[in-house]
Amino acid sequence: MKVRKKMRACALLLVLTLAAGLMAGCGASSGDNRQIIRIGHNQSTNHPTHIALLAFEEFIESKLGDKYNVEVFPSELLGSQNEMVQLTQTGAINFCVASNSLLETFSENYTLFNLPYLFASSEAYHASMDDESITGPIFESTRQAGFEAVTWLDAGTRNFYTVNTPIETVADLKGLKIRVQQSPTNVEMMDRLGGSATPMGFGEVYTSLQSHIIDGAENNEMALTDNGHGDVCKYYSYDMHQMIPDILIGNNDFLEGLSSEERAIFDEGFALVNQVQREEWVEAVENAKDRAQNEQGVTFLYPDTEPFKEACLPMHEQMLGNYPDLVPIYDAIQAYNQQYPAEES
């Protein structure tokens, strides 16, 4: 914990200097006049997101290395996701990776992708997220807040995992304190499922599980191994309640300051991030599940998902009533759901 606090203290010191120094675009070393591009995220250096961002760093520097020096900061070294989004808003950093759930607090349009059971299958999810007519109006909706989405990252399927109580039915969630992402939609989802929603930053989850402040959390399999949650939580239940993307966002002023030639190279780099991260994700999830089961002693459960889905479906009608402009996008997703239905278990 002392090491972690020291790292966060160093990060805060860095953040304090960014506002004064980053705008000038000075290089970190003497005689280096390249503009530093800082990218923050909350995952470890083994995570597919970090690997993809390193590919982005290498690509941009291979094309524009005489002008830009890309630096990637993993593991919340630049602060929590919420703090990194705020730093990206102001231009103190250029890019960060944020969960779609967090972005809901900056633009109501992101509420759509947070809906539980929005996508019928992984294939429908990927097809929808690759369709610019679906993502475009949502990705551009934060421009007035100072940033926009430049690509999406696969964060798999979110499921419940708990310390002591196996989740095999909706009733098993009753009264349990479950960490959720900091979004109103996720809080309502837990209310409908009978659990007690506990929003908190991702970096706080491990110690909260360990100290029994919370009874469980919900995330993909990588959280068990990459973040050690499987050392504490011994039950992972595939209720399949959400497929929520992570989003790479960029500061508007920086993006708009690029020449057309530079922006084309950056856009190619953003596409590379998406490609590499998704390729790495498939193998990473398989490895995480194997390690969680065989090294951490996690039991994987496969409940009937229909009762979970039925409890949450009223949220769809409610959201569409509140945000009628999102109805055409929702309908387009339903078309992909019909094209790529869920496989029968």
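Partly exposed, as used in these legends, refers to a relative accessible area between the buried limit of under 20% and the exposed limit of over 50%. The views come from a predicted model.

**View 1. A salt bridge joins aspartate 130 to arginine 278.** The closest N and O atoms of this pair are 2.9 Å apart. The two residues link distant parts of the chain, 148 residues apart. Aspartate 130 sits in the loop between helix H6 (122–129) and helix H7 (132–139), while arginine 278 belongs to helix H12 (residues 260–294). Arginine 278 has a relative accessible area of 21%, so it counts as partly exposed. Aspartate 130 is also partly exposed, at 44% relative accessibility. Side chains of opposite charge can pair when their charged atoms come close. Under the rule applied to the model, the count is nine salt bridges.

**View 2. Aspartate 267 and arginine 263 form a salt bridge within helix H12.** Their closest N and O atoms are 2.9 Å apart. The two residues are four residues apart in the helix, which is about one turn. Both ends of the pair are accessible in part: aspartate 267 is partly exposed with a relative accessible area of 36%, and arginine 263 is partly exposed with 22%.

**View 3. Glutamate 295 pairs with arginine 291 in a salt bridge, and arginine 291 is also touched by threonine 225.** The closest N and O atoms of the salt bridge are 3.6 Å apart. Glutamate 295 is exposed, with a relative accessible area of 63%, whereas arginine 291 is partly exposed at 36% relative accessibility. Threonine 225 lies in helix H10 (residues 222–226). With residues up to four places away in sequence left out, threonine 225 touches Ala288, Arg291, Ala292 and Gln296. At 10% relative accessibility, threonine 225 counts as buried.

**View 4. Serine 75 and glutamate 76 each have a positive phi without being glycine.** Serine 75 has a phi of about 55°, and glutamate 76 has a phi of about 60°. Serine 75 is found in the loop between strand S2 (68–73) and helix H3 (81–90). Glutamate 76 is likewise placed in the loop between S2 and H3. As for accessibility, serine 75 is partly exposed at 22%, and glutamate 76 is buried, its relative accessible area being 5%.

**View 5. Helix H8 has a buried side and a face turned away from that side with exposed residues.** H8 spans residues 184–193, and its buried residues include Thr185, Asn186, Met189, Met190 and Leu193. These residues lie on the same side of H8 because they cover an arc of only 135° around the axis. On the face turned away from the buried side are the exposed residues Pro184 and Asp191. Glycine 194 comes just after H8 and takes a positive phi of about 90°.

Notes
Residues are numbered from 1 along each chain as its sequence is written. This is a predicted model: local features need pLDDT of at least 70, side-chain atom pairs count only at pLDDT 80 or more; totals for chains, interfaces and linings use all residues. Side-chain values use heavy atoms; hydrogens and water are left out. Buried means under 20% relative accessible area, exposed over 50%, partly exposed in between (1.4 Å probe, protein chains only). A salt bridge is a side-chain nitrogen of Lys or Arg within 4 Å of a carboxyl oxygen of Asp or Glu. Contact means heavy atoms within 4.5 Å. The arc is that of the directions from the helix axis to the C-beta atoms.
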